[in-house]
Every structure is written in structure tokens, then in C-alpha cells.
Amino acid sequence: METSTQDILSIHQTLEKRPLIISGPCSAETEDQLINTAIRLAQTGKVDILRAGIWKPRTRPDMFEGIGAKGLPWLKEAKKQTGLPTAVEVATAKQVEDALMFDVDVVWVGARTTVNPFSVQEIATALKGVKIPVLIKNPINADLDLWVGAVERISKSDVASVGLIHRGFSSYGNTTYRNAPMWHLAIEMKRRFLDLMMINDPSHICGRRDLLQEIAQKAVDLDFDGLMIESHIDPDQAWTDAKQQITPENVATLLDAIIWRKEDVVSEEFHAVLEQLRQRINHLDDELLQLLSQRMKIAEEIGIYKKNNQVTILQTSRWNQILEEAYAKAEKLKLSKEFISRYLNAVHMESINHQNEIMNKE
Ligand code: PEP
Ligand code: MN
């Protein structure tokens with residue numbers, strides 16, 4: 001299926017917009033629901049691309065698995081009535097083919113697909129030379145290499161452009177978020193692929209409406225390029241992801257409440273002050289590294305001492321004591337318990353590794 005030059009230009013121009021706002025239902029359910037959602041989104045004047053799940057990869061069987069190709073003409077009609085370009089999730093070569101037949105403007109690879117290199121490759125092959133933008137969601141598990149691999153596979157297909165969507169990472173058990181944001185992974189991905197746009201999907205991170213605003217704000221503060229927010233004309237009655245969807249009007253309210261900050265300002269004075277503060281941070285970071293290195297050297301000495309006395313590396317009671325004391329101090333120093341726990345665990349693991357090497361050396 002050929003896309004006309006005009007289409008290519010317009011979707012490309014749309015994708016350049018910052019912030020780029022993608023919204024629409026988790027799933028296309030009926031023609032009315034999809035078209036009315038699209039009309040109400042377009043009326044806000046704040047949405048750039050209409051999203052809709054046509055094929056839904058569900059974790060469990062017997063759940064609504066999407067309306068399927070039957071929904072594609074509805075999407076095309078929604079575009080015709082609103083002028084909004086459309087985006088769908090694709091997981092197989094056939095779905096790519098069907099989506100292209102109905103002039104879908106952007107496709108995205110879902111989190112459950114990014115984890116599977118066979119599926120990603122199948123999509124990449126189906127997209128070979130097709131000048132369509134492709135967005136790649138992070139894999140459901142916190143494995144950066146899978147995300148990188150998907151970007152590499154799709155990029156090799158010479159598609160029009162590749163972008164990233166951060167939708168959080170699944171974890172076992174009850175957590176505040178449906179999918180833990182693990183911002184550092186998205187930030188690392190941004191660092192590795194400076195040229196790729198990064199969209200945040202607060203809906204799938206939060207899994208519930210009341211958290212959407214703060215996650216969207218955080219993404220904006222971290223200089224993400226846009227947001228993908230699920231919306232529905234009657235969120236409570238949605239067939240999928242009801243708890244996280246909001247009305248088109250509430251998408252507009254959420255966007256209005258965001259404080260949009262600039263990445264940079266031109267004033268020389270601002271840069272001078274910022275530079276001074278950064279120098280101080282660099283200096284402290286250097287000192288921290290020196291101190292950590294010294295700490296590891298002492299840990300190694302302890303390793304030798306333990307080895308000579310045939311004592312185990314890990315002494316749980318001592319470790320607990322370190323943690324308890326650090327938590328107490330951290331509170332006074334205004335450092336969060338979560339950060340101190342992660343920091344000390346990382347330092348402790350590094351110590352153990354150093355000691356392990358010493359103890360097992362001939
Ligand atoms: C979706 O966007 O509706 C979806 C299924 O998302 P994810 O792949 O992030 O779970
Ligand atoms: Mn969804």
C-alpha cells in the first residue's frame with residue numbers, strides 16, 4: 001500500500017510538534033464510541049493523533065481481545081471526520097498489512113510484543129521500506145536490551161521514523177502503579193538514542209485516573225516529547241482499562257493543568273549560575289567516587305582478613321545494623337528511605353563482589 005507524499009509530509013509535520021499529544025480509547029469498541037471519542041478529542045484542539053487499540057494482546061484468555069480489522073474502517077472514518085491522524089498497535093505482519101490498507105498513519109509496537117524478538121522481527125520485516133512512523137513501547141519487564149533490540153530491528157527496516165513510548169515496567173505484587181515508571185530506564189534510553197522522540201504513557205503506568213496528572217507532569221519535567229493518554233466517552237463503561245481512561249474533556253483539563261517548562265533559556269546570567277551549580281555537583285560527584293573507591297579498598301582488606309580466618313562474606317546482622325543506622329541518619333538528612341536502601345544495596349553488592357573475587361582467588 002502506497003502512502004502519498006502529502007500524507008508523509010503531514011504526519012511528519014505532526015510528529016514534529018512539541019509536546020506531541022496522542023489520545024484515544026484503549027480499545028475501539030463500537031463505531032459510535034470511536035468516532036465520538038475522536039470528535040470530542042478534536043474539539044479540545046489539544047490532541048494531535050488519535051490512538052485506538054484494534055487488536056488487544058491480553059494477559060489472560062477470555063478477555064476482550066479487540067474488535068479486530070472490523071474496527072479499521074471506523075478509524076478511517078474518525079480520521080475523515082476530525083482530520084486527526086491515526087495510530088494503532090500492531091503485533092503481527094497481518095496486522096501491519098491490515099492497518100496500512102486503512103491508511104493508519106502511525107503504528108506502535110506494544111509492551112508485550114517488544115519482549116519478543118521473533119514478533120518484533122516479523123513486524124520489522126512487514127514494515128520494510130514502508131514510510132510510516134513506528135513507536136516502540138518499552139518491554140513489560142525492565143530489560144533495556146530488549147527495548148534497544150526492538151529499536152535496532154525496526155530501524156533496519158528503513159521505516160519513516162522511530163520513536164519511543166515509556167509505559168512503565170510490570171512488577172509482581174501490589175504497588176502504587178500498575179507499571180512501575182522506573183524513570184531511570186527511560187532516561188537511559190533517551191541518552192542512548194538522542195535523536196528519537198520519547199513519549200510518556202501515563203495511563204499504563206498509573207492504571208488509575210488519580211495518578212495521571214503527577215506522572216504526566218513528571219514526564220514533562222524530564223523533557224519528554226509528548227504524552228499518550230487513553231480516553232473514552234464513558235470511561236467507567238470501557239471494555240478494557242476502564243480504571244485508567246478519562247473523558248476527552250478531562251484530557252484537556254489534565255493538559256491545561258500541566259506546567260510546561262522550557263528545557264533551556266537564553267539568558268547568559270542563567271547559564272553562568274547554572275554552570276557554577278553544576279561545577280559544584282561535578283566536584284561532589286568526583287569526591288563521592290573517590291570515597292566509594294576507598295570504601296571498596298577497605299572492603300577488600302576485610303575480604304582478605306575474613307579469608308584468612310575462614311569467615312563468610314555476608315554477615316546478616318552487621319548488614320541489618322548498617323541499614324537501620326543509615327535509615328535513621330537519612331531521615332535527618334532529608335534523604336528518602338527508598339533511595340538509601342537502593343544506594344546501600346548497590347554499594348553492598350559491589351563490596352560483596354570485590355570480597356568474593358578476593359576470597360576465591362587462588
Ligand atoms: C495499550 O496501549 O492499550 C496497550 C496495550 O499498552 P501496553 O502495550 O503498554 O500494555
Ligand atoms: Mn490500554
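A polar contact is counted here as a pair of N or O atoms within 3.5 Å. With that cut-off in mind, the tour below moves through a predicted model, beginning at ligand 1.

**Stop 1: ligand 1 and its polar contacts**

Select ligand 1 together with Arg112. A polar side-chain atom of Arg112 lies 2.8 Å from an oxygen atom of the ligand. Add Arg51 to the selection: one of its polar side-chain atoms is 2.7 Å from an oxygen atom of ligand 1. Then add His204, where the distance from a polar side-chain atom to a ligand oxygen atom is 3.3 Å. Taken alone, ligand 1 exposes 300 Å², and the protein buries 97% of that area.

**Stop 2: the surrounding shell**

Display the pocket surface next; ligand 1 sits in the largest pocket. The residues around the ligand are Cys26, Arg51, Lys56, Glu89, Trp108, Gly110, Ala111, Arg112, Lys137, Arg167, His204 and Glu230. Colour this shell by residue class, and it divides into seven charged, three nonpolar and two polar residues.

**Stop 3: the manganese ion**

Centre the view on ligand 2, the manganese ion. Which protein atoms serve as its donors? They are SG of Cys26, NE2 of His204, OE of Glu230 and OD of Asp241, lying 2.0 to 2.4 Å from the ion. Along the sequence, the spacing of these donor residues is C-x177-H-x25-E-x10-D. Glu230 belongs to strand β8 (residues 226-230) and Asp241 to the loop between β8 and α11 (248-257), so this pair ties together parts that are 11 residues apart in sequence. Cys26, His204 and Glu230 also appear among the residues around ligand 1.

**Stop 4: backbone geometry at Asp241**

Remain at Asp241 and show its backbone, in the loop between β8 and α11. Its phi is near 50°, a positive value in a residue other than glycine. Most residues other than glycine have a negative phi, and most peptide bonds are trans.

**Stop 5: the cis peptide bond**

Finally, select Arg18 and Pro19. What kind of peptide bond joins Arg18 and Pro19? The bond is cis, with omega at about -10°. Pro19 is located in the loop between α1 (5-16) and β1 (20-24).

Methods:
Residues numbered from 1 in each chain as written. Chains lettered and ligands numbered in written order. Predicted model: local features only at pLDDT ≥ 70, side-chain atom pairs only at ≥ 80, totals over all residues. Heavy atoms only, no water. Near = heavy atom within 4 Å. Polar contact = N/O pair within 3.5 Å; in protein donor to acceptor, adjacent residues only side chain to side chain. Areas by Shrake-Rupley, 256 points an atom, 1.4 Å probe, with all protein chains shown as cover. 1 Å grid on protein atoms, 1.4 Å probe; cavity = no way out; pocket = protein on both sides within 12 Å on 5 of 7 lines; lining within 4 Å. Sits in = over half its atoms within 2 Å of the grid points. Nonpolar A, V, L, I, M, F, W, Y, C, P; charged D, E, K, R; others polar. Donors = N, O, S within 2.8 Å, 3.2 Å for Na, K, Ca; no water. Helix = DSSP H or I, 4+ residues; strand = E, 2+ residues; numbered from the N terminus.
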